[in-house]
Amino acid sequence: MGRIHLRQVKKSFGEVTVIPPLDLEIEDGEFVVFVGPSGCGKSTLLRLIAGLEDTTSGNIEIDGQDATGLPPAKRGLAMVFQSYALYPHMSVRKNIAFPMRMAKMSKEEQDKRIEAAAKALNLTDYLDRRPGQLSGGQRQRVAIGRAIVREPAAFLFDEPLSNLDAALRVGMRLEISELHKRLDTTMVYVTHDQVEAMTMADKIVVLQAGVIEQVGSPLELYRTPRNRFVAGFIGSPKMNLIEGPEAGKHDAHTIGVRPEHISVSGDSGAWQGTVGVSEHLGSDTFFHVNVDGFGEPLTVRAGGEVDLHYGDTIHLTPNAEQIHKFDQQGLRIA
Ligand SMILES: Nc1ncnc2c1ncn2[C@@H]1O[C@H](COP(=O)(O)OP(=O)(O)OP(=O)(O)O)[C@@H](O)[C@H]1O
Ligand SMILES: [Mg+2]
């Protein structure tokens with residue numbers, strides 16, 4: 001089990017309302033990712049679910065039971081933080097066992113669960129080491145192990161990978177996704193990382209200033225962002241947003257085109273511009289192109305072999321089927 005329903009949940013710190021009344025349904029077994037700019041309330045929302053913060057008003061229901069006033073330990077959820085806060089003087093085994101010892105679980109049951117968690121997380125060979133003798137990724141796995149042994153109804157992760165280097169992040173991302181498939185337990189995951197959100201989530205919740213801007217599958221948000229904010233937030237590099245006469249031709253206040261939906265065309269194209277900075281990634285090249293009348297430079301994704309340089313003239317054509325239109329209020333025009 002692991003259904004979490006938020007009904008009109010509001011959070012204020014003193015006079016300041018960080019989360020205006022909000023509704024959200026997280027279904028059993030779902031992998032839900034919260035994304036949004038720094039300070040938008042992602043951690044606060046997670047902490048409200050965990051019970052580490054009190055709601056100002058509204059209700060939180062876990063598996064059909066009102067959990068609004070329950071202390072964290074009674075909610076059956078396990079939280080994994082960015083700083084994994086392991087006990088440095090304890091072995092991996094003792095660190096993982098800690099919550100079970102607190103709950104006075106039998107030694108036999110503890111050993112059984114430690115063994116299973118260690119197996120799931122590839123930590124079997126490290127159980128007698130101390131955290132100081134582990135890599136960052138291994139430490140993060142120990143922190144997850146400590147959560148797994150509690151057999152929670154849901155896991156709550158607050159940017160668990162942001163302390164790891166790029167290669168480890170990719171590895172851990174896959175491990176957490178795989179763990180989710182195997183355990184089939186609800187996971188609620190906060191991240192800044194676009195790729196994590198797109199690749200791990202069944203459902204992404206985009207937040208801005210405590211307000212849910214859109215909820216949907218990664219591809220729903222990518223294909224049909226409800227407004228300009230979501231359009232600019234989901235996708236990397238960001239969608240190009242163009243105002244003025246070019247948008248007017250489409251009866252829109254703003255049009256949006258993703259860098260991957262603009263092609264570099266030979267000697268003519270819909271748009272002509274001047275190449276600014278190019279970013280060569282090997283497989284792809286991102287050109288930043290100045291087009292008269294567009295304001296911001298356009299970002300264009302081209303193949304790795306396209307040979308254009310700073311100051312060159314470039315001809316571009318957007319894929320007509322991939323142009324997003326927004327009105328003056330920033331809402332999507334169907
Ligand atoms: N204990 C507190 N007292 C007062 N204000 C708080 C408190 N905790 C958080 N806030 C404020 O609530 C807002 C949301 O904070 P929160 O930590 O949830 O943001 P976040 O989306 O997790 O940001 P980040 O991506 O930087 O971690 C921020 O403006 C923050 O300053
Ligand atoms: Mg946060």
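**The ligand 1 shell and its structural surroundings**

In the predicted model, the shell around ligand 1 comprises 4 nonpolar, 6 polar and 2 charged residues. These residues are Phe13, Val18, Pro37, Ser38, Gly39, Cys40, Gly41, Lys42, Ser43, Thr44, Glu159 and His192. Helix 1, spanning residues 42–50, makes the largest contribution to the shell. It supplies 3 residues.

Polar contacts to oxygen atoms of ligand 1 were examined next. Lys42 provides a side-chain contact: one of its polar side-chain atoms is 2.7 Å from an oxygen atom of ligand 1. Gly41 contributes through its backbone, with an N or O atom placed 3.0 Å from a ligand oxygen. Cys40 likewise offers a polar backbone atom, in this case at 3.2 Å from an oxygen atom of ligand 1. On its own, ligand 1 has 640 Å² of accessible area, and the protein covers 56% of it.

Helix 1 is itself well covered. Of its 9 residues, 7 are buried, so the helix is largely enclosed by the rest of the structure. The buried positions are Lys42, Thr44, Leu45, Leu46, Leu48, Ile49 and Ala50. Two of these names, Lys42 and Thr44, also appear in the ligand shell. Lys42 thus combines two features: it is buried within helix 1, and its side chain contacts a ligand oxygen at 2.7 Å. The backbone changes character directly after the helix. There, Gly51 adopts a positive phi of about 90 degrees.

Strand 3 covers residues 31–35. Burial here extends to 5 of the 5 residues, so the strand is largely enclosed by the rest of the structure. Its side chains point two ways. Phe31, Val33 and Val35 point to one side, while Val32 and Phe34 point to the other. Residues on both sides are buried.

Strand 3 has two parallel partners. With strand 8, residues 186–190, it shares 4 bridges in the parallel sense. Phe31 has Met187 as its bridge partner in strand 8. With strand 9, residues 203–208, the pairing is again parallel and also runs over 4 bridges. In that pair, Lys203 of strand 9 stands opposite Val32.

A separate description applies to strands 11, 12 and 18. These 3 strands form an open sheet with antiparallel pairing, in the order 11-12-18. Strand 11 (240–243) and strand 18 (324–326) are the edge strands, each pairing on one side only. From one strand to the next, the twist averages 25 degrees. Strand 12, residues 254–257, joins strand 18 through 3 antiparallel bridges. Within this pair, Gly256 is bridged to His324 of strand 18.

One further site involves Thr285. This residue belongs to strand 15, which spans residues 284–290. Thr285 has a relative accessible area of 0% and is therefore buried, the limit being under 20%. The Thr285 side chain makes a polar contact with the backbone oxygen of Gly303, at 3.0 Å.

Notes: Residues numbered from 1 in each chain as written. Chains lettered and ligands numbered in written order. Predicted model: local features only at pLDDT ≥ 70, side-chain atom pairs only at ≥ 80, totals over all residues. Heavy atoms only, no water. Near = heavy atom within 4 Å. Polar contact = N/O pair within 3.5 Å; in protein donor to acceptor, adjacent residues only side chain to side chain. Areas by Shrake-Rupley, 256 points an atom, 1.4 Å probe, with all protein chains shown as cover. Nonpolar A, V, L, I, M, F, W, Y, C, P; charged D, E, K, R; others polar. Buried < 20%, exposed > 50% of the residue type's maximum accessible area, 1.4 Å probe, protein only. Pairing = 2+ DSSP bridges. Axes fitted to C-alpha atoms, helices over the stretch in contact; angles between N-to-C directions.
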